[in-house]
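Work through the exercises below with the model open beside you. Try each task before you read its solution.

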Amino acid sequence: MPYLGAIADDFTGATDLATMLVARGFRTVVTVGPPGAASTADPGTGNPGGPEEEEPDAVVVALKSRTAPVADAVADSLAALHALRAAGCRRFYLKYCSTFDSTPEGNIGPVADALLDELGAPGTVVVPAFPATGRTVYRARLFVHDELLDESSMRDHPLTPMRDAHLGRLLAPQTRRPVHLIGHDTVRAGADAVRRALHEPSAREALSVVDAITDDDLRTIATATADLPLVTGAAGLALGLAGPHEGTASRARSAAGPGPGAILSGSASATTRDQVRHAREWLPHRKLDLAALRADPDAAVTALVAFARDAWRAGPDRPPLLYASDGAEDVAGALPDAAGLIESALARCAVELVAAGAHRLLVAGGETSGAVVTALGAGTLRVGAPIAPGVPWVHTEARLADGRSRPVDLALKSGNFGARSMFTTAWKELA
Ligand code: ADP
């Protein structure tokens, strides 16, 4: 019976957390939406001999709730919590982005409030730090490498522009609870000091933003919060969790085997744009034409798919790249309908390419990944080899419109993750 139940507000976040949990000794499955009886009881479908045939210790529910209306995000998260409890989970983890992607309305605060209320828990911690990916929190300010959050490229994110780096100020308008700050001095003093700080009257019923600048800080916070029914944070906090199979929780292997693939990049983040510019030197590529998509989406998608299939002649080592953005001006000048047009076009490309025989897809962008995985009708994602911190290959079955299912390997990359050469090197990690 699984012990840990996690709820991730987007799909790349779910696989990011799952890869960390596997590394920490949890047999982990990711379910697309709340787990049904089938997906937790039989997580190993289609992968005989894989570790997921064994009972999972952790289930991560992938939602697409980050930018959903608040009421929908709360309802979906509560549905996930109910399903995880029904599956036997006893501790819970709300996973959001290490850049705290949210708006003044939410959804981090409202979802944390709702989960706490449902669990009958008074308060919890807020820990977005993930030093391995350059995200640190000091004096409640979130840094992205050397820059404060609001000076990073997140400032101009098309859906969740982050215009402040102070987590207390970001969170206060989103929650009914008081926001409490626990500074780095307390964290450095050790788990007992953090535990004491969490028991102070001002913290007990609050959302407590906790500073963390190193992996050791995250381990300290995880130890101090081991008794809380719910913790919240990015994947970094899972560094401090210890699963029952430390050192032995093996990874799933490729579902589809060698074959053609594609890169579908809907992310507008600076890191992705750089990866696109690098990959263009090596791979067949085509940029989405927004005017063409607006005028005739069917014809535009058909042309993109035809281009990608034709490019398969270059061989599986040179998969075609279909991308939305390669420069800051793409986002700055975007019309309001652009994000939806891009997401649905790339999702349709994914479905048509898998139907045409694609074995593997690398998808860039959290929202984009959600659109692609949902369109593919995938139920359970099994965690495979890591490509970069926070980005594993995952293996699944796509359900096509005609009822057939096809094994497919997916890499779901959060916008700001991965090295510059990731689009050309990720394929080598596929085992
Ligand atoms: P990331 O992980 O980088 O945030 P996401 O896929 O989560 O990537 O979000 C990027 C959003 O921006 C998507 O909804 C995508 O469709 C949209 N987008 C990408 N390129 C553009 C563009 N040129 N103009 C407008 N929106 C864009």
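**Exercise 1: Two sides of a helix**

Helix H7 (residues 191-199) has these buried residues: Ala191, Ala193, Val194, Ala197 and Leu198. Find out why they lie on the same side of H7.

Solution.
- Take the arc first: the buried residues span only 160 degrees around the axis, so they sit on the same side of H7. The arc is that of the directions from the helix axis to the C-beta atoms.
- Recall the general rule: an α-helix has 3.6 residues a turn, so residues three or four places apart point the same way.
- Now turn to the other side of H7, where Arg196 and His199 are exposed.
- Check the terms. Buried means under 20% relative accessible area, exposed over 50%, and partly exposed in between (1.4 Å probe, protein chains only). Helices (H or I, at least four residues) and strands (E, at least two) are DSSP runs, numbered from the N terminus.
- Look for the cover: among the elements over the buried residues of H7 are strand E5 (124-127), strand E9 (179-182) and helix H9 (215-224).

The model is predicted: local features need pLDDT of at least 70, side-chain atom pairs count only at pLDDT 80 or more, and totals for chains, interfaces and linings use all residues. Residues are numbered from 1 along each chain as its sequence is written, and side-chain values use heavy atoms, with hydrogens and water left out.

**Exercise 2: Backbone angles**

Is Phe100 buried or exposed? Is His145 buried or exposed?

Solution.
- Start with the rule: most residues other than glycine have a negative phi, and most peptide bonds are trans.
- Phe100 is not a glycine, yet its phi is positive, about 55 degrees. Phe100 sits in the loop between E4 and H4. Phe100 counts as buried because its relative accessibility is 0%.
- His145, also not a glycine, has a positive phi of about 55 degrees. His145 belongs to the loop between strand E7 (141-144) and strand E8 (147-148). With a relative accessible area of 53%, His145 is exposed.
- Finish with the peptide bond between Gly106 and Asn107: this bond is cis, with omega about 15 degrees. Asn107 is in the loop between strand E4 (91-95) and helix H4 (108-119).

**Exercise 3: Two domains**

How many salt bridges are counted between domain 1 and domain 2?

Solution.
- Locate the parts: domain 1 (4-240) and domain 2 (261-430). The bounds come from an automatic or database domain assignment.
- Count the residues in contact (heavy atoms within 4.5 Å): 31 from domain 1 and 30 from domain 2.
- Count the bridges: 2 salt bridges between domain 1 and domain 2. A salt bridge is a side-chain nitrogen of Lys or Arg within 4 Å of a carboxyl oxygen of Asp or Glu.

Technical notes: Contact = heavy atoms within 4.5 Å.
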